[in-house]
Structure formats: C-alpha cells, structure tokens
Amino acid sequence: MSYVEETYDCIVVGAGHAGCEAALAAARMGFKTIIFTVSMDSVAMMPCNPNIGGSSKGHLVREIDALGGEMGKNIDKTYIQSKMLNVSKGPAVHSLRAQADKHRYSLEMRHTMQQVENLTLRQAEVTKLLVENGEVTGVQVYSGAIYHAKTVVLCTGVYLKAMCIYGDTKTFTGPNGLMAANHLSDSMAEDAGIDIRRFKTGTPPRIDRKTVDFSKMQEQKGDEKIQPFSFTNTEADIKREQISCWLTYTNETTHEIIRQNIDRSPLYSGVIHGVGPRYCPSIEDKIMKFPDKDRHQLFVEPEGETTEEMYLDGMSSSMPEDVQYAMVHSVSGLEHAEIIRDAYAIEYDCISATDLKPSLEFKAIKGLFSAGQINGSSGYEEAGAQGLMAGINAGRYMQGKEPVVLKRSDGYIGVLIDDLVTKPTPEPYRMMTSRAEYRLLLRQDNADLRLTEIGHEVGLIDEERYAAFLAKKEKIESEIARLEAVKLGANKEVLAFLAARGSSPIDKQVSLADLIKRPEFDYDSVAELDPERPDFSDMRTAPEIIEQINIAIKYEGYIKRQMQQVEHFLKIEGKKIPASIDYSKVKNLRVEARQKLEKIRPESIGQASRISGVSPADITMLMLHLHM
C-alpha cells in the first residue's frame, strides 16, 4: 500500500493562536512550512472569550506585533469594541483590550496565512511523531501519509484526547464540537519519551441576544479614542462604529441554585480529574470558595456583528444542563434568555514546560519545539507569544544560529516563557502584570522600542517598517535631550504662565523637562513657552512620540531606579552554567536542589535562582563550584 510522502523545512501541528504565529514566523523567515489542523474551521478560533488583550495580555499582543507577529494586526481588522483598561493607574499597567468578531477573526487569519509564501495549510490529524536518535524527523497523519521536516512545532492547544463535560454528559471532542486529536499524545509518550499530564479549562453558556432584557443591565461602551494594537496602524486606519457590551450580576438566588446542586457538578463529584486555571474559575468554584461574596460580575458580550450569540463572561461552568438554565434565568436581564450553546469544561493532555529549553525546544529531542496551551498555559495571547518565539527559534535552528531568548527584562514574553520553563505549574498558567519585576520598563506603549530591532534582525520586520521605527526612536530621543537642554528663567512671561495655571513659581532657571515633570503639565501644555519645538504633525507616529516623551520625563526617576535593578539582574543572567555540568559533583547542595537543578538544567545562575526549591545557599555552592 502506498502513502503520500512529502518534505518540508518546518511542520506546525495545530492552527490555533500559537500555531498561526509559529507557522507565519517560520514561513516569513523563508522556510517551507506546513501547518496541520483537525479542521479548517479551527484556524485561530476563539472557543472561549471572544476578545484579545486585557490586563497584561495586552502587553503580550503589542510585543508580538513589535517582533513581527500577526495577532495585533488581526484584531485591529476585526474588533467590534476597544477599551484601554487601568487608565486611572500609571502607564505600567495600562492594558488594551478589544472585543472581537470571533468568526471574522478566524477568517481573516486564515486568509492571511493562505497568502503567505512558503506556507501550506492542511486539514489532517497528526497521529505520530517521527524521532530518530534523539532528533525529530517529521510526523505521520491519520491517513498514513508521512511528512518529513527538519523541525516540528507542537501547538495542539486543548485538542489532545480532549473531553468536553457538563453534568453527566461527556463528549470526546475538542472545543465547539470539533474533532479531538486522540492519538498524538500516545506517540509523544511512547516514541519521544515526553511526560503527559492532564489539565482542564472551561467556557460559559452562549445565549440568544433577542431573549435578553438589556434595560436591566449596565451598558459598557468602547473608548471614543481608539488605540490600535499594531504599531503599523493609527487610529484613523482602524476606527469604526463599536458594539456595546453589558454588565449584570449573579445574586443570592443564583448562588443557592449552585449550592443545592453542587453534588451534580463534575468538578465536585470527581468526574473531572484535570487541574483548572486558578485565575479563571468556574462559577461554581467562585460560589463555593468565596461564600462571603453576595454577587459576581457577569459581562454579556456579543460574539460578532453577524450572529445573535452572546457570551456570558464570568459564568464558566460544567453544571448539568437544567442547572445551567436555572442559573442563567436567576440573573437580572436573563430571566427569559435562551441558551444556544451549553457551558462545558474541557479536559486535555499537555506537557510540563520544564522539559523545554528557554528557546521552547525540547531538551531531549533536537528540532522539536512546543508552544501554547500544550505547555500548560492558558489564553490566546500567551499562546500567540509562545508560538511566535517557537517559530522564530525553529527558523534559527535551521539557520544554525543561536536561539532568540527574551530575558525577563526584555518583555512580558520573556517573563512568560521563563516562568513556564523554570517553575513547574500545577494549574494552567496565566500572565499577570504582577509577575513582571520590571513592569515600569515593560509597558505596552514602548513594546516597539524594546523589541522591533530583534524582529528586524530575525527577518520579520521589513525595511520600510524598520526605517519608520528608527525615525520615531530618533525623534523621541532627540526631543527629550532638547527639552532637558532648553532653560527657562524666572522672568515675567514664565511666572505669569505658571500663575495662570495654578503652578508654583520658580526662583531659578529650570528646563522645559523640569516643568513637564510637574503633575499639572505635559508636553503639549508647555508649548507656549517653547517656540522652537519641532513639528511632528506630518508623522503618523506623532501621538506615540509625544506619549513616550511625556512618560520618559515624568517617570524619569522611577525608570532610572528600575534600570539599575535590571543591570544587577543581567549580571546574574550573564553567568552561564555549562550544559555538561554534573550536579552530583557540586558539594553541599541539598538533595531537593540537586534534583530540581538536574531536571530543569537551567542555562544561567539567574534562571537557577528562580527554581522553586533552590535556595540562596544552594546558589552560592553552585557559584563556588563554577568558580564564579
């Protein structure tokens, strides 16, 4: 019997948010790439929340864009509502979030991929990893066809032996009823020696818009001023009419329905064995674990412009169908709501990312990379970030170059991947601003200034975009230097200007930058005292230039202090640990530390110091052993 047999440079398994970024990166770097999906309908699908971004996740999307990824561009094309979160706080935690037209988001991403040179989309289930002498050589699909490749990137999401559960109902399918991938995880374990574990996530009911009473809810409108996700876009490029979301709340009746039926919940009856995400709990978990709260927020969100389905954000559940109806109908505005799709939990196979190098290549298998929810993370944005880095590093592997590994001081992507490969996660990992030690430096607004040069170096940022970036960067730096150099004396004009604005007078020379540091002023408001200022109005990036000038000047002291912390961090990160080290020969290491170091095999002293169970004393012994 004969089978199809083809050869590629890179194979990507799975076309969710990780797979799309991985395949696009590899193909755009010039490598012949094929991406497999169990269904073409699952390309960049949003089976859960129909949105991109949010607290800390918005940072990831802007970093993906700064490096040359696609997620930011795609949501700019398909958003139906846009909002900047945390605007009452400092710029370090400002996070952009956009509600997506989920169907269009998928279609636009698929269309983009189909137009990219070197990239082939293929609907087929990958069933077997081909590994020889510790090196991946390709994959086999369900039909028996064999595809050879130098690199393989696993981006299987939640499809490996997926099982959807609500009440006593179990379906052996992936999300949205799509086919599960029931064979690959066995091959990963048997043919590649990869440890497999089981995680769980969930999704809420979808309801019919026509049956919702919005008069009982609070309308949530988008921002009037639109901030694009992609640095290639301006507000004028993407501004469009937005669709409202709505806020309502659970109540004591809702909570009582859940408490009375908790024994029927698969989470509490023992039917579900996978570990779920701590920071995105089901509604039954919220009620049982926080009994003192008398209500919980529910956001009623449209899934798109051409569908009546609405998403009940905050009511993820695996309760039986009849309980779901009772829960929904107990909520103000949803008394007569009709459920279109039941809520469900989904269990799936995944790996421990501590089996990966910081490049996302498996330590034990050359050329095999892994990204997204298979690595034990949650979220579209976390997946897209990993997919992009895995695709870049698969390309670097084929080029014979060192991988691109972002440090914790480089970006949220660096924090995300370092956490995954260094710290075992007992539940699906979610990115949060609190995980980033240097978040004042790692703002979403300066992601391009931090990462675009890397994107250009690896070949994902073209010359035109790079030239525009360099021009923007030069304008910011030169204007800050000019503002620091321009001095104002305590003359009548200046004193009158300050008095008219309720600002304290000066009694000696100050710079324009010193005035901008005052809370009542910014770059624009001191223009009257600055006749020599340059005109940025002909630049598309003028608003971004002014934003960077304001932040750099107003937060100068805090930024300098954090940069000093980064310098200390980089010294420790720069102390590399030889790959051949034998930890059994390091004297005075505690048994737990020896075991952890042997398993994770950190690449630097810095990474070793972040391993749970490795103490400062252990690090001292390790540095003495290495004569550091």
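A crossing of two helices counts as right-handed if the near helix is turned clockwise from the far one by less than a right angle. Keep that in mind for the close-ups below, which all come from a predicted model.

**View 1. H14 and H17 cross in a right-handed way.** Here the two helices pack with their axes 9 Å apart, at an angle of about 45 degrees. Angles from 65 to 115 degrees count as roughly perpendicular and those under 35 as roughly parallel, so H14 and H17 are called oblique to each other. On the H14 side, look for Lys-472, Lys-475, Ile-476, Glu-479, Ile-480 and Leu-483. H17 answers with Glu-544, Ile-545, Gln-548, Ile-549, Ala-552 and Ile-553. Sorted by class, the contact of H14 with H17 has seven nonpolar residues, one polar and four charged.

**View 2. The second largest pocket holds about 820 Å³ of space.** Its lining is made up of 28 residues. If you want to find the centre of this pocket, head for Leu-441, Asn-446, Leu-449, Ile-559 and Met-563, the lining residues that lie nearest to it. Four helices each give the lining at least two residues: H13 (447-458), H14 (463-485), H17 (542-554) and H18 (556-573). H18 provides the largest share, with seven residues. As for the character of the lining, 15 of its residues are nonpolar, ten are charged and three are polar.

**View 3. Helix H2 meets H13 in a right-handed crossing.** H2 covers residues 57-67, and its axis comes within 7 Å of the axis of H13, with the two crossing at roughly 35 degrees. From H2, the residues that take part are Arg-62, Glu-63, Ala-66 and Leu-67. They meet Ala-447, Asp-448, Arg-450, Leu-451, Thr-452, Ile-454 and Gly-455 in H13. That gives the contact of H2 with H13 five nonpolar, two polar and four charged residues. H13 also turns up in View 2, as one of the helices that supply the pocket lining.

**View 4. H3 and H4 make another right-handed crossing.** Helix H3 (residues 71-78) and helix H4 (residues 102-115) have axes that come within 9 Å and cross at roughly 130 degrees. That angle makes H3 oblique to H4. Met-71, Asn-74, Ile-75, Lys-77 and Thr-78 represent H3 in the contact, while H4 brings Arg-104, Tyr-105, Glu-108, Met-109 and Thr-112. The mix in the contact of H3 with H4 is four nonpolar, three polar and three charged residues.

Definitions and conventions:
Residues are numbered from 1 along each chain as its sequence is written. This is a predicted model: local features need pLDDT of at least 70, side-chain atom pairs count only at pLDDT 80 or more; totals for chains, interfaces and linings use all residues. Side-chain values use heavy atoms; hydrogens and water are left out. On a 1 Å grid over the protein atoms alone, a cavity is a set of points where a 1.4 Å probe fits but cannot get out, and a pocket is an open set with protein on both sides within 12 Å along at least five of seven lines; lining residues have an atom within 4 Å of a point. Grid points are joined across faces, edges and corners, and a volume is the space filled by probe spheres set on the points. Ala, Val, Leu, Ile, Met, Phe, Trp, Tyr, Cys and Pro count as nonpolar, Asp, Glu, Lys and Arg as charged, and the others, Gly among them, as polar. Axes are lines fitted to C-alpha atoms, for helices over the stretch in contact, and angles run from 0 to 180 degrees between N-to-C directions. Angles under 35 degrees count as roughly parallel, over 145 as roughly antiparallel, 65 to 115 as roughly perpendicular and the rest as oblique. Contact means heavy atoms within 4.5 Å.
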